[in-house]
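Me: Please take a close look at one helix and its packing, then place it among the other features. Keep it brisk.

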Amino acid sequence: MAMRHSVVMDHKRCRGCTSCIKCCPTEAIRVRGRKATILPDRCIDCGNCIRVCPHKAIKSVGDSMDILKEYEYCVALPEPALYGQFHHLDNVDVVLNALLKIGFDKVYEVAKAAEMLSDYERQSIKQGPPAVTPRISSSCPTVLRLIRMRFPKLMDHVADTILPMELAAILARREAAEETGLPPERIGVFAIVPCSSKVTAARVSEGLSQPVLDGAFAIRDIYLRLLGPMRELEEVEPMASAGIMGLGWASCGGESTARLGERCVAVDGIENVIQMLEEIEDGRLPEADFLELSACTQGCVGGCFTVENPYGAKMRMKGLMKGQPVSRNRFTLEGAERDIVRRDKQLQYLPTFVLDHDREMAISKQRRIQELESHLPGLHCGSCGAPSCHAFAEDVVLGRASVDDCIFKVRERMRTMAGKEEADDYLPPPFRRCQTDTSRR
């Protein structure tokens, strides 16, 4: 199934300022013709470009609430990061009750599924250490796609469990089918997510051959719809089904804490994640048993779909945890049912940086890229519309750009035409143009 990214470009707003190309961890953005474009095969939906765009030309879109009309019974799966968006909230039940007022028939907390996954991991640890360490969390879709693309040697390190929202979707659909007697296909199950990567994961799962969600809504969209119903609630029915461990998954470090392991490392922010993965690949982090890697600052509370400052949201989550039980859920499934939490497909390498499927042609193109790059200024200024001189050389060889897109090369060519230096000395032979005859001047 083709990848449907939730990070999209609004070309009407784009001014071609090149602010976005530098922040992309996979060099997935180019600026051509004064407009930015996203290379879909390289995008990991991290949302970094959304944060830095000064013109709000890059945005992330979730599903429309109109999709609820397509189903007879609708289930909401709120991620715990949703609760941290509300000021002066002292009871999760207020949010859960309000969800029933805006079009949902049932609520199943993702935090509940997170506690089950945590218990499953604790049981697995007791059975013996994993074959490969350190183990890398599988809870962030952006990190999973980054590993598949840039660090394929580390795919064996990734935990084989599915996302909490996917486990919640499977269990919620089962419960709804039993309660209503409706066939599963008439039951709509929708996650309320903090980031663009989880919208994409709801459409095309990283670990399941078939998606188990019918859609995903952005927290910021649901937040606005909840404000009125939350104020108007006359009675608040107890609905909360998760404790401290489940709610803790909203912030970086929560999953590690729920594992009850001592040799865990929690890293947030895509740049820090990349640095950590590079160290693991180089074998420089042998003492850690588990790595919790979150692409967003402070974890899910810092996702691009959230409303509040991530640090403030994390503080509110700590307040909501006070007085709560440590955990309300255990993983009790036995036999073949235990596999419900595991991926049914292996992570596969994403060959997005392959120059050509023919090895001989790929080697030839690589040599041309290296040759051209050696004659570029090496400033990585972005004026050519590519994030680095290497990326620009690659674009030229692959036909996505012209040598003259480099402003420094244009300047040198103009100096050459003025007779101030020998023509085309700055380019390797394959990229030289016919010299302009200046002998008549």
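Reply: α4 passes α6 in a right-handed crossing (the near helix is turned clockwise from the far one by less than a right angle; anticlockwise would be left-handed). Both names follow DSSP runs (helices are H or I of at least four residues, strands E of at least two, numbered from the N terminus). This is a predicted model, where local features need pLDDT of at least 70, side-chain atom pairs count only at pLDDT 80 or more, and totals for chains, interfaces and linings use all residues. Residues are numbered from 1 along each chain as its sequence is written, and side-chain values use heavy atoms, with hydrogens and water left out.

Start with the geometry. Helix α6 covers residues 164-180, and its axis lies 8 Å from that of α4, at an angle of about 110° (axes are lines fitted to C-alpha atoms over the stretch in contact; angles run from 0 to 180 degrees between N-to-C directions). The two helices are therefore roughly perpendicular (65 to 115 degrees; under 35 is roughly parallel, over 145 roughly antiparallel, the rest oblique).

Now the contact (heavy atoms within 4.5 Å). α4 brings Val110, Lys112, Ala113, Ala114, Met116 and Leu117. α6 answers with Pro164, Met165, Leu167, Ala168, Leu171 and Glu175. By class there are 10 nonpolar residues, no polar ones and two charged (nonpolar: Ala, Val, Leu, Ile, Met, Phe, Trp, Tyr, Cys, Pro; charged: Asp, Glu, Lys, Arg; polar: the others, Gly among them).

α4 has another partner. The whole structure holds five aromatic pairs (Phe, Tyr or Trp rings, the six-membered one for Trp, with centres within 6.5 Å; planes under 30 degrees apart are stacked, over 60 edge-to-face, the rest tilted). In one of them, the ring centres of Tyr120 and Phe331 are 5.2 Å apart and the planes stand at 75°, so this pair is edge-to-face. Tyr120 sits in α4 (residues 110-127) and Phe331 in the loop between α12 (310-321) and α13 (359-374), so the pair ties together parts 211 residues apart in sequence.

The loop between α4 and β7 (135-136) contains Pro134. A cis peptide bond links Thr133 to Pro134, with omega about 0°.

Two other helix pairs are worth setting alongside. Helix α3 (residues 92-99) and helix α8 (residues 219-232) cross at roughly 100°, their axes coming within 9 Å. That makes α3 roughly perpendicular to α8. Val94, Val95, Ala98 and Leu99 of α3 touch Ile222, Leu226, Pro229 and Met230 of α8. Eight residues here are nonpolar, with no polar and no charged ones.

Helix α5 (residues 141-150) packs on helix α11 (residues 270-281) at about 45°, axes 12 Å apart. That makes α5 oblique to α11. Their contact divides into seven nonpolar, one polar and three charged residues.

One backbone detail lies elsewhere. Arg34, in the loop between β2 (29-32) and β3 (35-38), has a positive phi of about 65° although it is not a glycine.

Last, confidence. Mean pLDDT (the predictor's confidence in each residue, from 0 to 100) is 90 for the chain, and 94% of residues reach 70 or more. Residues 434-441 fall below 50, and this stretch has six contacts in the model beyond near neighbours in sequence. Where pLDDT is low, predicted coordinates should not be read in detail.
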